[in-house]
Amino acid sequence: MLQSSIYARKATFYFLAKASGILRPHILKVSVMKIGIIGAGNIGGALAHRFVAAGHEVTIANSRGPASLQELAAETGARAGTAQEAARGNEVVVVTIPLHRIPDLPAGLFADAPADLVVIDTSNYYPQQRDGMLDGIEDGGTESGWVEKHLGRPVVKAFNSILADHLQNGGKPAGTPGRIALAVAGDDPTAKATAMALIDGIGFDTVDAGGIADSWRQQPDTPGYLKDYDVAGVRRALAEATPERKPEWRATPNSPGSFEQPA
Ligand SMILES: NC(=O)c1ccc[n+]([C@@H]2O[C@H](COP(=O)([O-])OP(=O)(O)OC[C@H]3O[C@@H](n4cnc5c(N)ncnc54)[C@H](OP(=O)(O)O)[C@@H]3O)[C@@H](O)[C@H]2O)c1
């Protein structure tokens, strides 16, 4: 059995056991995992720091190639690789590049990946600032549903609702009052449990936000977005979210502008 399957089962068991009260949080032993990160910017860099600090083996990639990542590799302890190297031979792959760049990823990146590979998507749609008009989202599809179509495989949506700096520096031991909680959405319960255990291991609580069809509840402009709520706050925010896309979160004929001058 693949190491990832064993891990996923342990993760599922842990969450069921924790929910039923037969385990105390400190009993969790997160196995060392092989993790690929595609995207080495704000979120990719923050995750490289946190995952390596938690004992995982991390390969990180960007669009310019490993030579451009030597400084980040030295600083974090992650290995610099190509996008293909980050996508293959790992148990979890985090895709964390600007949404409009997803179609630029190498074709067939996950074609040979095992079925139990956990792919985590951190994307947010910023049409007026960065992404321009992306058909399939403007007309009501979820951002992670759009990513799934382009990657050709299911994803778990996580890390999209917290600022990179807070992700890098805001983690706390399990049980700390007010510990920040992250919404996690996905259709595969095992993949979602793996992602949740990984997140718990780097210092954050998690809230199951449902499937990818429900993931609009954690997208930009929803009540919990970038709020650093704890579990109760994230649950409340997810419940209070409404699905409409406001005009300021839609592309215009001049999109994209920039973060300084949205258009
Ligand atoms: N910043 C935040 O606080 C935050 C919070 C939550 C979610 N998010 C979301 O997470 C995603 C990433 O955001 P970010 O702020 O980390 O982005 P970023 O700082 O702009 O970094 C983007 C990274 O993606 C890489 N990249 C771009 N195109 C690529 C390609 N085709 N192949 C491989 N790598 C590629 C870039 O590499 P090169 O430089 O070599 O092109 C760069 O390392 C976005 O969807 C964003 O909305 C961001």
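Which residues of helix α6 (residues 143-151) are buried? In this predicted model, the buried ones are E143, S144, W146, V147, E148 and L151. Their cover includes four strands: β4 (92-95), β5 (118-121), β6 (156-157) and β7 (181-186). Right after α6 comes G152, with a positive phi near 75°.

A word on confidence helps before going further. The protein chain has a mean pLDDT of 92, and 89% of its residues reach 70 or more. Residues 19-29 are another matter: pLDDT stays under 50 there, and the model gives this stretch 10 contacts beyond four places in sequence.

The strands that cover α6 belong to a wider arrangement. The model has an open sheet of 8 strands, and reading across it gives the order β3-β2-β1-β4-β5-β6-β7-β8, with mixed pairing. At the edges sit β3 (79-80) and β8 (205-208), each of which pairs on one side only. Strands of a sheet pair through backbone hydrogen bonds, and the pairing can be parallel or antiparallel. For β6 and β7 it is antiparallel, with 2 bridges joining them. Within this pair, V156 stands opposite G186 of β7.

Then there is the nonpolar core. In soluble globular proteins, nonpolar side chains tend to be buried together. Here the largest nonpolar core takes in 63 residues, and I60, I120, V184 and A195 have the most contacts inside it. Helix α8 (residues 189-201) is the top contributor to this core, giving 7 residues. V184 makes a handy example: beyond its neighbours within four places in sequence, V184 is in contact with V156, A158, K192, A195, M196, I199, T206, V207, D208 and A209.

What about the ligand? Around the ligand there are 25 residues, and G41, N42, N62, S63 and I97 come nearest. By character, the shell splits into 11 nonpolar, 11 polar and 3 charged residues. Helix α2 (residues 42-53) gives the most to this shell, namely 3 residues.

A few spots in the backbone deserve a closer look. Most residues other than glycine have a negative phi, and most peptide bonds are trans. F159 goes the other way, with a positive phi near 70°. F159 lies in the loop between β6 and α7 (164-169), and it is buried because 23 other C-beta atoms lie within 10 Å, where 20 or more are needed. D228 is not a glycine either, yet its phi is positive, about 60°. This residue is found in the loop between β8 and α9. D228 has 18 C-beta neighbours inside 10 Å, so it counts as partly exposed.

The peptide bond between S255 and P256 is cis, with omega about -5°. S255 is found in the segment after α9 (231-240), and so is P256. Is S255 buried, exposed or partly exposed? S255 counts as partly exposed because it has 18 C-beta neighbours inside 10 Å, a count that falls between the limits of 12 or fewer for exposed and 20 or more for buried. Setting aside residues up to four places away in sequence, S255 touches P127, Q128, G132, M133 and A263. With Q128, the separation is 127 residues in sequence but 5.0 Å in space, taken from C-alpha to C-alpha.

Methods: Residues are numbered from 1 along each chain as its sequence is written. This is a predicted model: local features need pLDDT of at least 70, side-chain atom pairs count only at pLDDT 80 or more; totals for chains, interfaces and linings use all residues. pLDDT is the predictor's confidence in each residue, from 0 to 100. Two residues are in contact if their C-beta atoms, placed from the backbone, lie within 7 Å. A nonpolar core is a set of buried Ala, Val, Leu, Ile, Met, Phe, Trp, Tyr and Cys residues joined through C-beta atoms within 7 Å. A residue is near a molecule or strand if its C-beta atom, placed from the backbone, lies within 6 Å of it. Ala, Val, Leu, Ile, Met, Phe, Trp, Tyr, Cys and Pro count as nonpolar, Asp, Glu, Lys and Arg as charged, and the others, Gly among them, as polar. Two strands pair if DSSP finds at least two bridges between them.
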